[in-house]
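Let's take a walk through a protein model and see how its pieces fit together. Have a look at the picture, then read on.

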Amino acid sequence: MRKIDTQEIESVIYKMALDAGVSLTDSCKAALYAARDEESEGAAKFALGALCENFELAEREKMPVCQDTGMAVVMMDIGQEVVLEGKFLGDAVNDAVRRAYKDGYFRKSVCDPVTRKNTGDNTPAVLHTTIVPGDKIHITYMPKGFGSENMSRIYMLKPAQGVDGIVDAIVETVKIAGSRPCPPVIAGVGIGGSFDTCTYLAKKALARDLGTHNARDDIAKIERRAYEKINALNIGCQGFHGNITALGVNCEWAPTHIAGLPVAINIQCHCMRCRKEVL
Amino acid sequence: MKKLTLPLTSKDIKELHAGDSIQLTGVILTARDCAHKRIKEIMEKGEPLPFELKGAYIYYAGPCPAKPGMASGSCGPTTSARMDSFAPALLDAGLGGMIGKGEMSDEVRRAVVRNERVYFAAIGGAGALYAEAIKKSECIAFPDLLSEAVYRLEVENFPAVVSFDSYGNSIYD
């Protein structure tokens, strides 16, 4: 057994949240520079140049890259040999988020779904916990903006639709989203599982670095096919047309039922601010 | 890049075409989902709005809090399509124009043409850049809505692209 005080988790998430709000992942920065250099269209090239200038400025001045500092999504894989001590884990996560959003001058974007009253401190965070073997805690922190979250979709495909159906679902989702989610986008895709696990897989897929591929060749092939088809849609940066509509397509999978083929597509804008730590 | 001062003149508007990259200087007002709902309710009751709508430019945005020494926190545009159902009535009531991001409905496009206005797209996700373009910020209505309140922003060289021009053209076509 390994004892971990939730105070330690709180400190780590606080730092991750502060850092994530003001800087993109290295792979996202590299992808945006490459997109800017590759794009030839007028307004889209202008916009990509502005986006690169923006993340450089944000990091230098410690300002939010995007004013939508998102809902705080925390995914924790907790080793079953870990014993958590101290305050309740959910409280530790929310306390970290509350402090980071205040200290970082981040926008508080969480509200009641019906009355629309803002909670005022960006809590509660979205917390996913999974029990895994071992004595470590893997923490993934992702502030998730909703311009892109709103464009996400789930398809309950028929098994007969197969790989072509999966690729079409991914491409159609990006096409329907059009200019609205702040393209160039990243598509996180869950393939299989059930209605709920499929969407979680899609979010998990987003956390994977751009430029990496699924370990399974057939899944990696789906990623490449969808990526190429999306970039042929001519939506372009901000919907201003051009060759760069997606920075990447990341797929994760899980076994599913013989009667189904769930495919969830979680859309992320060009502002990928994920952080990962191991305790 | 063309530099424009708000409010735009009829001549300015006629010279703008979908796809033009421009920079705006002048006064704009933020309003997004909740503020629009309130504006609509007040207008439907026939009561006066807490700010002048005629000739105003609405920026679909909700800023981050300002850090000490800055006029505004990060303040890029939000998705305009969520305001599709509000924009035509506001344009018909004299709104000067809108700034946001992404496509808006055909009904909005027709209202832009009918009123000889322009819909501009700011660069979505460039929140820090826009904070730099904001020289002064003041909450002028609905402070209880926090980031969704109406802020009067004085902006200089605010980068944008003409999305819908007064001729009915769209950069998204």
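Before we start, one bit of vocabulary: two residues are in contact if their C-beta atoms, placed from the backbone, lie within 7 Å. Keep in mind, too, that this is a predicted model.

With that in hand, how many residues of domain 1 of chain A are in contact with domain 2 of chain A? There are 9 residues on the domain 1 side, and they meet 9 residues of domain 2. On the domain 1 side, strand S2 (71-79) and strand S5 (137-144) of chain A are the elements that give two or more residues. S5(A) gives the most, with 3 residues. Sorted by class, this side of domain 1 has 5 nonpolar, 2 polar and 2 charged residues. As for where the domains lie, the assignment for chain A puts 2-22 + 65-144 in domain 1 and 146-271 in domain 2. Their centres, taken over C-alpha atoms, are 25 Å apart.

Next up is a sheet in chain A. Four strands make an open sheet in the order S6-S9-S7-S8, with mixed pairing. Strand S6 (153-157) and strand S8 (246-254) of chain A stand at the edges with a single partner strand each, so one side of each has no neighbour in the sheet. From one strand to the next, the twist averages 15°. Strand S7 (residues 185-192) of chain A runs parallel to its partner S8(A), and the two share 8 bridges. One of these pairs Ala187(A) with Val249(A) in S8(A).

Helices pack in chain A as well, and here are three angles to compare with the picture:

| Helix of chain A | Partner | Angle |
|---|---|---|
| H1 (residues 6-22) | H4 (residues 89-103) of chain A | about 35° |
| H6 (residues 162-177) | S9(A) | about 35° |
| H8 (residues 217-231) | S8(A) | about 150° |

H6(A) packs on the sheet and touches S6, S7, S8 and S9 of chain A, while H8(A) lies across S7 and S8 of chain A. The axes of H1(A) and H4(A) are 8 Å apart, and their crossing is right-handed. The residues of this contact divide into 11 nonpolar, 2 polar and 4 charged. Among those in H1(A) are Ile9(A), Ile13(A) and Leu18(A), and H4(A) brings residues including Leu89(A), Val93(A) and Val97(A).

Finally, there's a partner chain. In chain A, 34 residues are in contact with 34 residues of chain B. Which helix gives the largest share of the chain A side? That's helix H3 (residues 42-61) of chain A, with 11 residues. By class, the chain A side has 17 nonpolar, 11 polar and 6 charged residues.

Definitions and conventions:
Residues are numbered from 1 along each chain as its sequence is written. Chains are lettered from A and ligands numbered from 1 in the order in which they are written. This is a predicted model: local features need pLDDT of at least 70, side-chain atom pairs count only at pLDDT 80 or more; totals for chains, interfaces and linings use all residues. Axes are lines fitted to C-alpha atoms, for helices over the stretch in contact, and angles run from 0 to 180 degrees between N-to-C directions. A crossing is left-handed if the near helix is turned anticlockwise from the far one by less than a right angle, and right-handed if clockwise. Ala, Val, Leu, Ile, Met, Phe, Trp, Tyr, Cys and Pro count as nonpolar, Asp, Glu, Lys and Arg as charged, and the others, Gly among them, as polar. Two strands pair if DSSP finds at least two bridges between them. Domain bounds come from an automatic or database domain assignment.
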